[in-house]
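User: I'd like a close look at one part of this protein, please. Take me through it slowly, and explain the jargon as you go.

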Amino acid sequence: MSMKRFMFFVIFAVVLAVAVPSFGAALGSNARTVIPEHVQQIISVDYRALKNSETGLALKAKVMPENLKQFETALKGMSIDPDKDVDQLAFVSYRNSKNQLRAFGLAQGDFQPKKFYTRMKLKKVLPAKYKGSLIYSTGSGMVMTFLDDSTMLFGELGAVHDALDTRNGEAESLASNPQISDMMASVESGSVWSVLDQIGTQNMMRSALGDASKLADYDTVKKRLLGSRYTMDFANGVNFNLDVLTSDTFTAATMSSLIQAGMQIKKMNATPVEKAAIDAMSVDSNSGQLQIHFKADDRKFQSFLQSDLFQTVAR
C-alpha cells in the first residue's frame with residue numbers, strides 16, 4: 001500500500017496537469033487578496049488547455065469531484081460556460097479561526113458581471129448581500145460572487161464569507177505569509193503549479209510513504225519538512241517536478257533514501273504498468289530539498305490511465 005499511495009500522489013498531480021500546454025498561470029491581484037494567511041495549499045490549473053486536449057477532458061471527467069461537476073453544470077444554467085469563459089482555476093484550502101480546514105475556488109476569465117446581473121434579474125434570481133458583495137446560489141450547494149470583471153469566487157457559503165472577510169481586512173491575508181508567498185514566486189510561471197504549507201507537506205509525505213513511514217523515526221524527521229511545491233508541463237510528454245523544502249541537507253537525503261527504498265520494495269511485486277510508472281520517477285536531494293521528478297511520454301501516460309493501479313488509487 002505504501003508506494004501505491006505515493007503513486008496516487010504522483011498520478012493525481014499529473015491528472016491535474018492534463019490540460020496543460022506551455023503558458024503560465026499566475027494568480028491575479030484581486031484573487032490574491034481573498035486568500036487567508038493560514039492557507040494550506042493552492043493548486044492552479046490553466047483551464048484553457050482542457051478544451052484542446054482530448055486526454056485532458058477524459059481525465060477531468062474521471063477525477064473531478066462530483067460537486068465541482070455539479071457546479072460547472074449550474075454555471076451553464078446561469079449562462080456561464082466554463083469551457084469557453086474560464087481561463088484559469090485555482091483551489092485554495094486554508095485553516096479558519098477554529099483550525100477547521102476549508103476550501104474555496106477562484107476562476108479567472110471573461111465573465112462580464114453586468115450582463116450576468118441583468119440575466120439573473122430577468123430570471124428573477126435574486127442574490128444575497130454580504131458586506132457589499134452580491135452572492136448567488138448555484139443550486140449545487142455552492143455559491144458564487146464576482147471580485148471583479150474577470151475573477152469569480154466560489155465555494156460553500158462559509159468559505160466564501162471567509163474569503164470576502166479576508167479581502168475586507170477582517171482577517172490576515174496571504175500577504176502575511178512569506179513562506180507561501182516565496183514558494184509561489186518560484187512556481188507561478190508553471191502551467192500547473194501548487195504550493196503546500198508545512199503541516200500539509202508533513203501529512204502528504206506520511207501518506208506518500210505509507211508503511212515505510214513506520215520504519216524510520218518519521219515523527220522526528222517530519223518536523224524538518226518546511227513546505228513543498230510542484231510544477232508540471234506537457235511540452236514533451238508529461239513532466240512533473242516536486243520539491244520538498246527541508247531544514248537541512250541531512251533530512252532531505254534521509255527522505256530521498258526512504259522513498260527510493262520504498263520504490264524498490266514496491267517494484268519487486270509490481271505489474272509491468274507499475275514498474276513503468278516507478279521507472280519514470282527519479283528521487284534525489286539537493287541543498288536541503290527533496291526532489292522528485294516524473295517524466296513519461298504520452299503513450300506511457302495513456303497506459304497508466306487504463307491500468308488497474310490508476311483505477312484503484314483514483315477512487
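Analyst: Helices (H or I, at least four residues) and strands (E, at least two) are DSSP runs, numbered from the N terminus. Keep in mind that this is a predicted model, where local features need pLDDT of at least 70 and side-chain atom pairs 80 or more, while totals for chains, interfaces and linings use all residues. Residues count from 1 along each chain as its sequence is written, and side-chain values use heavy atoms, leaving out hydrogens and water.

Let's zoom in on the second largest pocket (on a 1 Å grid over the protein atoms alone, an open set of points where a 1.4 Å probe fits, with protein on both sides within 12 Å along at least five of seven lines; lining residues have an atom within 4 Å of a point). It holds about 290 Å³ of space. Its lining is made of 16 residues, and those nearest the centre are Tyr-94, Asn-96, Ser-97, Asp-162 and Ala-171. Strand E2 and helix H7 (157–167) each bring at least two residues to that lining, with H7 giving the most, namely three.

Start with Tyr-94, which sits in strand E2. Its relative accessible area is just 1%, so Tyr-94 is buried (under 20%; over 50% is exposed and in between is partly exposed, using a 1.4 Å probe and protein chains only). Who touches it? Skipping neighbours within four places in sequence, Tyr-94 is in contact (heavy atoms within 4.5 Å) with a dozen-odd-looking crowd that includes Pro-36, His-38, Leu-101, Phe-104, Gly-158, Ala-159 and Asp-162. Asp-162 is a good one to notice, as it is also listed among the residues nearest the pocket's centre. Another link across the sequence is Gln-41: Tyr-94 and Gln-41 are 53 residues apart in sequence, yet their C-alpha atoms are 6.9 Å apart in space.

Now for the helix. In H7, the buried residues are Ala-159, Val-160, Asp-162, Ala-163, Leu-164, Asp-165 and Thr-166. Two of these names, Ala-159 and Leu-164, turn up again in a second, separate core of 27 residues, along with Ala-31 and Leu-147. (A nonpolar core is a set of buried Ala, Val, Leu, Ile, Met, Phe, Trp, Tyr and Cys residues joined through side-chain atoms within 4.5 Å.) After H7 comes Gly-169, with a positive phi near 85°.

Back to the strand. E2 (residues 86–95) pairs with E3 (residues 101–109) in the antiparallel sense over nine bridges; two strands count as paired if DSSP finds at least two bridges. Along that pairing, Ala-90 stands opposite Leu-106 of E3. Both strands belong to an open sheet of 12 strands with antiparallel pairing, in the order E4-E5-E6-E7-E3-E2-E1-E8-E9-E10-E12-E11. Strand E4 (128–130) and strand E11 (281–286) are at the edges with a single partner each, so one side of each has no neighbour in the sheet.

Follow the order from E3 and you reach E7, then E6. E6 and E7 (residues 151–155) run antiparallel and share five bridges, and a hairpin of two residues connects them. Thr-145 faces Leu-153 of E7 there. Strand E6 (residues 143–148) is mostly covered, with five of its six residues buried.

Finally, step back to the whole chain: it has 15 helices and 12 strands, and buried residues make up 50% of its 315 residues.

Definitions and conventions: Points joined across faces, edges and corners; volume = space filled by probe spheres on them.
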